[in-house]
Amino acid sequence: MSTPPVAYVIAGSEATGGAGFQVDLKTYQQLGVYGVGTLSCIVAFDPSNNWGHRFHPIPRDIIEEQIEVSLACFDASVMDTVKIGMLGTPNTIDAVAQGLSQRKWKNVVVDPVLICKGQEPGAALDTDNALREKVLPLATVVTPNVFEAKTLSGMDTIETVEDLEEAAKRIGESVPYVVAKGGVEIAGDEAVDVLWDGKELTRFTAPKVGQQRVSGAGCTIAAAITAELAKGADIAKAVDAAKKFVTNGINARVSANTPFDTVWQGAN
């Protein structure tokens, strides 16, 4: 029996299926990659209160147990690629950083979820600082959206593709590869993402599908990059394939009783 490409993910659960851990595993599966995962937290929207966030961290010892068994499943020669999504608390971030240090990783894709809407501002700041200190230094690829790129780069505004490129360069001073996601936040008819590889910038474009955010787009493109890297693609080919994958999913987006639509990974 042969072993398919394998990728690991550490992320939060989002029960509607539109973001987080659920999206990561669906994306891996759709791209022919076997997914292994550790849950970091649970976000449960509140349908009776304008779909507000209810945030529940997973206890540290349970996170550590999940990491232990996940790494025991496959040796580093088989599973050398990991995506890190929402972590949620400084304690979780510390546990994840320690857990990942047990292995040498070829690819560490960090989707830097800086703010959880279910947290108080002070807790969110502590989480941001811990993420910068303990997780970003592990990253080989970081995939910020416009808000995250602005925060990580220290720029006051990002309004143009050129601004996004400048932010990617600044973030790239400490991370080998930066994929800055423009989405619907940058004015124009095209959704533009940019890759900075330390030497040159590459733009990836597709026509916008409306002007509203679609839940799970950021998770999907980061997970698709992770899957392609796990299959052996180089970074530029991984981003190109991921851009096409998420664009197809946005075009076929799923509507529900939620106030947002979600990406359909099965459209690919």
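**How the terms apply to this chain**

Biologist: What share of the 268 residues in the chain is buried, and what makes a residue count as buried?

Modeller: Buried residues make up 52% of the 268, where buried means under 20% relative accessible area, exposed over 50% and partly exposed in between, with a 1.4 Å probe and protein chains only. This is a predicted model, in which local features need pLDDT of at least 70 and side-chain atom pairs count only at pLDDT 80 or more, while totals for chains, interfaces and linings use all residues. Residues are numbered from 1 along each chain as its sequence is written, and side-chain values use heavy atoms, leaving out hydrogens and water.

Biologist: How do you know that the radius of gyration agrees with a compact globule?

Modeller: The rule, taken over C-alpha atoms, is 2.2 Å times the number of residues to the power 0.38; for 268 residues a compact globule would have a value near 18 Å, and the chain has 17 Å, which agrees.

Biologist: What puts the buried residues of α1 on the same side of that helix?

Modeller: In helix α1 (residues 20–30), a DSSP run of H or I with at least four residues, the buried residues are Gly20, Phe21, Val23, Asp24, Thr27 and Tyr28. They cover an arc of only 165° around the axis, judged by the directions from the helix axis to the C-beta atoms, and therefore lie on the same side of α1.

Biologist: Which elements do the buried residues of α1 pack against?

Modeller: They pack against β1 (6–14), β2 (34–43), β4 (81–84), α7 (217–230) and α8 (235–251), strands being DSSP runs of E with at least two residues and contact meaning heavy atoms within 4.5 Å.
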